[in-house]
Amino acid sequence: MCGRYAASRGPEEIAEAFGVRHLEESAVLPADWNVAPTKEVYAVLDRPLKGSDDPAPVRQLRVLRWGLVPSWAKSPEIAVKMINARAETVHEKPSYRRPFVARRCLLPADGYYEWATGDAEREQEVKGKRKRPRKQPYFVTPSDGSVMAMAGLYEFWRDPSLPEDHPRAWWATCSVITTEAEGTELPRPAGNEGPRTLADIHPRMPLILPPDRWDAWLDPSRTDPEELRALLEPPPPGAVRAYPVSTEVSNVRNNGPQLTEELAAPEETTLF
């Protein structure tokens with residue numbers, strides 16, 4: 001799954017990396033090393049410019065809210081349950097099938113966090129020595145230091161309680177597409193005795209699209225579900241690395257670049 005990620009790059013850097021031609025005036029977000037669901041996030045998408053008579057799509061950097069609200073939803077409260085869409089079923093689920101063929105985006109990130117439970121902790125839990133294990137967070141980031149492009153969907157929702165001209169009458173929301181986690185062995189940092197593969201950390205991961213698929217994924221003229229599903233293949237093995245980070249990231253109120261700093265080994269855990 002994807003429940004938290006880091007996004008510290010500014011709009012100009014993202015625009016250069018993704019070939020963005022239009023920056024929305026309001027598309028200025030502070031660097032965020034602990035992006036959580038319902039927060040506003042950057043999204044790259046191809047769409048006609050608002051207020052333009054030209055119907056041709058333009059690559060844009062927009063600000064969306066993480067947690068998709070389907071156009072037919074009665075309330076935006078559903079957003080907290082719609083942060084991830086499974087690649088295997090995205091084409092058929094009522095909440096996702098329409099945006100899948102019409103409104104696709106890329107969500108830029110430095111990397112994402114995932115939490116793993118160590119074998120020793122699991123043994124303690126089985127013995128009933130505590131109610132739940134303390135999980136070690138890992139940061140998964142491109143091996144070459146480039147920007148991570150997570151496949152996403154976006155949707156618009158009209159708040160019926162507000163007048164049409166109200167600035168919050170329309171919600172623009174998004175969801176991250178996930179896939180099965182890689183089972184190939186990860187590059188192992190010195191002294192790290194943690195998980196050997198992404199699948200050892202968690203069975204799911206965000207679907208990361210390599211640059212050679214960006215144009216096809218964002219192209220709104222592509223509407224054939226089977227053609228689009230072919231783009232949802234996981235990236236080649238070795239594209240990312242994972243390393244342990246401080247458990248400070250587990251608290252959404254914590255933020256800052258220190259959250260992505262690599263630890264030499266997983267933190268010591270204690271029973272609680």
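# Exercises on a predicted model

Strand S1 (residues 5-7) and strand S8 (residues 111-116) pair over two bridges, in the antiparallel sense. Keep in mind that this is a predicted model. Let's work through it.

## Exercise 1: the open sheet

Task: Find the residue in S8 that stands opposite Tyr5, then work out which strands lie at the edges of the sheet.

Solution. Start with the pair itself: Tyr5 stands opposite Tyr112 in S8. Now widen the view. Five strands make up an open sheet, ordered S3-S1-S8-S9-S13, with antiparallel pairing. The edges are S3 and strand S13 (240-244), since each pairs on one side only. As for twist, neighbouring strands of this sheet are turned by 25° against each other on average, ignoring direction.

## Exercise 2: the partners of S11

Task: List strands that pair with S11 and say whether each runs parallel or antiparallel to it.

Solution. Take the parallel partners, then the antiparallel ones.

- S5 runs parallel to S11 and is joined to it by two bridges; here Arg65 has Thr173 as its bridge partner.
- S6 is also parallel to S11, with three bridges, and Ala85 stands opposite Ile177.
- S10 is antiparallel to S11, and seven bridges join them; Glu155 faces Thr173 across this pairing.
- Strand S12 (residues 204-206) is antiparallel to S11 too, over three bridges, with Thr179 and Met205 as bridge partners.

Put two of those steps together and Thr173 turns up twice: as the bridge partner of Arg65 and opposite Glu155.

## Exercise 3: Glu155 and its salt bridge

Task: Which side chain meets Glu155 in a salt bridge, and is the pair buried or exposed?

Solution. The partner is Arg103, at 3.0 Å from N to O. Next, place the two residues: Glu155 is in strand S10 (residues 148-158), while Arg103 is in the loop between helix H2 (97-102) and strand S7 (104-109). That puts them 52 residues apart, so to speak of distant parts of the chain being linked is fair. Last step: both Glu155 and Arg103 are buried.

Glu155 also shows up among the contacts of Ser71. Leaving aside neighbours within four places in sequence, Ser71 touches Arg98, Glu155, Phe156 and Trp157. Ser71 itself sits in the loop between S5 and strand S6 (84-86) and is partly exposed, with a relative accessible area of 34%. Its C-alpha is 9.7 Å from that of Pro99, although 28 residues separate Ser71 and Pro99 in sequence.

## Exercise 4: other salt bridges

Task: Which residue forms a salt bridge with Glu185, and how many residues apart in sequence are the parts it ties together?

Solution. Glu185 bridges to Arg196, with the closest N and O atoms 2.6 Å apart. Both residues lie in the loop between strand S11 (170-180) and helix H4 (198-201), so the pair ties together parts that are 11 residues apart in sequence. Arg196 counts as partly exposed because its relative accessibility is 40%, and the partly exposed range runs from 20% to 50%.

For further practice, look at Arg158 and Glu164: this salt bridge has its closest N and O atoms 3.2 Å apart, and Arg158 is partly exposed at 24% relative accessible area. Then try Arg9, Glu13 and Asp110, which are linked in a network of salt bridges. Across the structure there are 13 salt bridges.

## Exercise 5: the nonpolar cores

Task: Which elements give two or more residues to the largest nonpolar core, and where does its largest share come from?

Solution. This core has 32 residues, and those touching the most other members are Phe18, Val44, Leu106, Leu153, Ile177, Trp217 and Leu232. The contributing elements are helix H1 (11-18), S4, strand S5 (58-66), S10 and helix H5 (214-218). H5 provides the largest share, four residues.

Now zoom in on Ile177. Beyond its neighbours within four places in sequence, its contacts include Ala85, Leu153, Met205, Trp217 and Leu232. A second, separate core holds 31 residues, among them Leu64, Met148, Ile208 and Val240.

## Exercise 6: an unusual backbone angle

Task: What is the phi of Thr38, and where does Thr38 lie?

Solution. Thr38 has a positive phi of about 80°, although it is not a glycine. Thr38 lies in the loop between strand S3 (32-35) and strand S4 (40-47). With a relative accessible area of 38%, Thr38 is partly exposed.

Notes:
Residues are numbered from 1 along each chain as its sequence is written. This is a predicted model: local features need pLDDT of at least 70, side-chain atom pairs count only at pLDDT 80 or more; totals for chains, interfaces and linings use all residues. Side-chain values use heavy atoms; hydrogens and water are left out. A salt bridge is a side-chain nitrogen of Lys or Arg within 4 Å of a carboxyl oxygen of Asp or Glu. Buried means under 20% relative accessible area, exposed over 50%, partly exposed in between (1.4 Å probe, protein chains only). Two strands pair if DSSP finds at least two bridges between them. Axes are lines fitted to C-alpha atoms, for helices over the stretch in contact, and angles run from 0 to 180 degrees between N-to-C directions. A nonpolar core is a set of buried Ala, Val, Leu, Ile, Met, Phe, Trp, Tyr and Cys residues joined through side-chain atoms within 4.5 Å. Contact means heavy atoms within 4.5 Å.
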